[in-house]
Amino acid sequence: MFKLILKFQDAVIKEYSFESSPVTIGRRDDNDVAIDNMAVSGHHAVIEEDEPGHYVLVDLESLNGTYVNGMRITREHILHGDSIIVGKHALSFVELGLQPEERSPENEAAQAPSELSRAAPPASPLEIASSEEPVSQPPDAEGMDSEPVPERPKKIELFGTLTIIAGSTPQIIDLNKRIITLGKAEDSDIRCSGLLVGKTAALISKRPNGYFLAYREGLKKPEVNGESVHTQVQLQDGDEVAIGNTRMTFNLQEEIS
């Protein structure tokens, strides 16, 4: 649970409280935090729960960028007290449910990473030592083989698609955007039909560990394999997604590099 306090020139405009994620920020009305300003992109940024109680802010390739405590980011973990800048507006990130001592200025200062720590990871002991004087490596003992060099970890890229099988024109849609909107709105990425379907019925967010479908609005909730989605669910290869009269099959491929 967290709260966002929207400000313009230090004046508080509105406060938003959230019990679940993802939370989208942008100029369009279908965002959770809609900011009517041309400096803000239609879908500007999104806040996701990376792990329980740990949140990450992702820039959605916005025109003017997203900033955390004055530093431009693409994907960044955010903490209680962080300041988020989108366009000409500021959003204060407030975690709810923290104990009073966790919100003290001293603890916030200790928890909040400095600009230097956000820009680069701290130097290792070996790097610190090498900046002072060279460090010689001990020679291998005579007659002993050196340890094998560990293999470089392989990088796995995930690619998801939705195949429309009913309720609309059959087609395969690549899920290559960070956020995909599904609903009755004309500018939805995937148009879905049905009397009780919301304008933005659901979002599919692409994360490093997979694709997640989240319910947004409408009397008819999205379904995955016949089960209603009340908050969000991670999609698995072969899942059947239904939004109103529109039924789709989700497929996931992995590419190892």
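In the predicted model described here, Ile-180 stands opposite Ile-204, a residue of strand 16. This facing pair belongs to the contact between strand 14 (residues 179–183) and strand 16 (residues 202–207), which run antiparallel and are joined by four bridges. The two strands take part in an open sheet of five strands, arranged in the order 15-14-16-17-20 and with mixed pairing. Its edges are formed by strand 15 (190–191) and strand 20 (232–234), each of which pairs on one side only.

Ile-204 recurs in the description of the largest nonpolar core, which has 22 residues and in which Leu-162, Leu-182, Ile-190, Ile-204, Ile-243 and Met-248 have the most contacts. Two or more residues of this core are given by each of strand 12 (156–166), strand 14, strand 16, strand 17 (210–215), strand 21 (240–243) and strand 22 (246–256), and the largest share, three residues, comes from strand 12. The surroundings of Ile-190 can be listed in full: when residues up to four places away in sequence are not counted, Ile-190 touches Leu-162, Ile-164, Ile-173, Ile-180, Thr-181, Leu-182, Gly-183 and Met-248. Another core, of 21 residues, lies apart from the largest one, and includes Ile-25, Ile-73, Leu-91 and Phe-93.

Aromatic contacts were examined next. A pair of aromatic rings is described by the distance of the centres and the angle of the planes. The structure holds six aromatic pairs. One of them, formed by Tyr-16 and Phe-18, is stacked, with 6.3 Å from centre to centre and 5° between the planes. Tyr-16 counts as buried because its relative accessibility is 12%, under the 20% limit that applies to this class; for Phe-18 the relative accessibility is likewise 12%, so that Phe-18 counts as buried. Tyr-55 and Phe-93 form a pair with ring centres 5.8 Å apart and planes at 65°, and the pair is therefore edge-to-face, an angle over 60 degrees being required for that class. This second pair links distant parts of the chain, since Tyr-55 lies in strand 6 and Phe-93 in strand 11 (residues 89–95), 38 residues apart. Both Tyr-55 and Phe-93 are buried. Through ring pairs, Phe-2, Tyr-16, Phe-18, Tyr-55 and Phe-93 are linked into a cluster, and Phe-93 is in addition among the residues of the core of 21 residues.

Charged side chains also lie over aromatic rings. Arg-207 is placed over the face of Phe-212, at 4.1 Å from the ring centre, and Lys-221 over the face of Tyr-215, at 5.0 Å from the ring centre.

Strand 6 (residues 54–59), besides holding Tyr-55, pairs with strand 9 in the antiparallel sense over four bridges. Within this pairing, Leu-57 stands opposite Glu-76 of strand 9. The two faces of strand 9 (residues 75–78) are unlike in their cover, with Glu-76 and Ile-78 on the covered face and Arg-75 and His-77 on the uncovered one.

Several backbone features are found in loops. A cis peptide bond, with omega of about 10°, joins Ser-21 and Pro-22, and Pro-22 lies in the loop between strand 2 (11–18) and strand 3 (23–26). Asp-10, in the loop between strand 1 (2–8) and strand 2, has a phi near 70°, a positive value in a residue other than glycine. With a relative accessibility of 76%, Asp-10 counts as exposed. Glu-61, which is found in the loop between strand 6 and strand 7 (66–68), also has a positive phi, of about 55°, although it is not a glycine. The relative accessibility of Glu-61 is 75%, so this residue counts as exposed.

As to the confidence of the prediction, the mean pLDDT of the chain is 82, and 77% of the residues reach 70 or more. Over residues 103–139, however, the pLDDT is below 50, and this stretch has 31 contacts in the model beyond near neighbours in sequence.

Terms used. Residues are numbered from 1 along each chain as its sequence is written. This is a predicted model: local features need pLDDT of at least 70, side-chain atom pairs count only at pLDDT 80 or more; totals for chains, interfaces and linings use all residues. Side-chain values use heavy atoms; hydrogens and water are left out. Buried means under 20% relative accessible area, exposed over 50%, partly exposed in between (1.4 Å probe, protein chains only). Two strands pair if DSSP finds at least two bridges between them. pLDDT is the predictor's confidence in each residue, from 0 to 100. Contact means heavy atoms within 4.5 Å. Rings of Phe, Tyr and Trp (its six-membered ring) pair if their centres lie within 6.5 Å; planes under 30 degrees apart count as stacked, over 60 as edge-to-face and the rest as tilted. A charge sits over a ring if NZ of Lys or CZ of Arg is within 6 Å of the ring centre and within 35 degrees of the ring normal. A nonpolar core is a set of buried Ala, Val, Leu, Ile, Met, Phe, Trp, Tyr and Cys residues joined through side-chain atoms within 4.5 Å.
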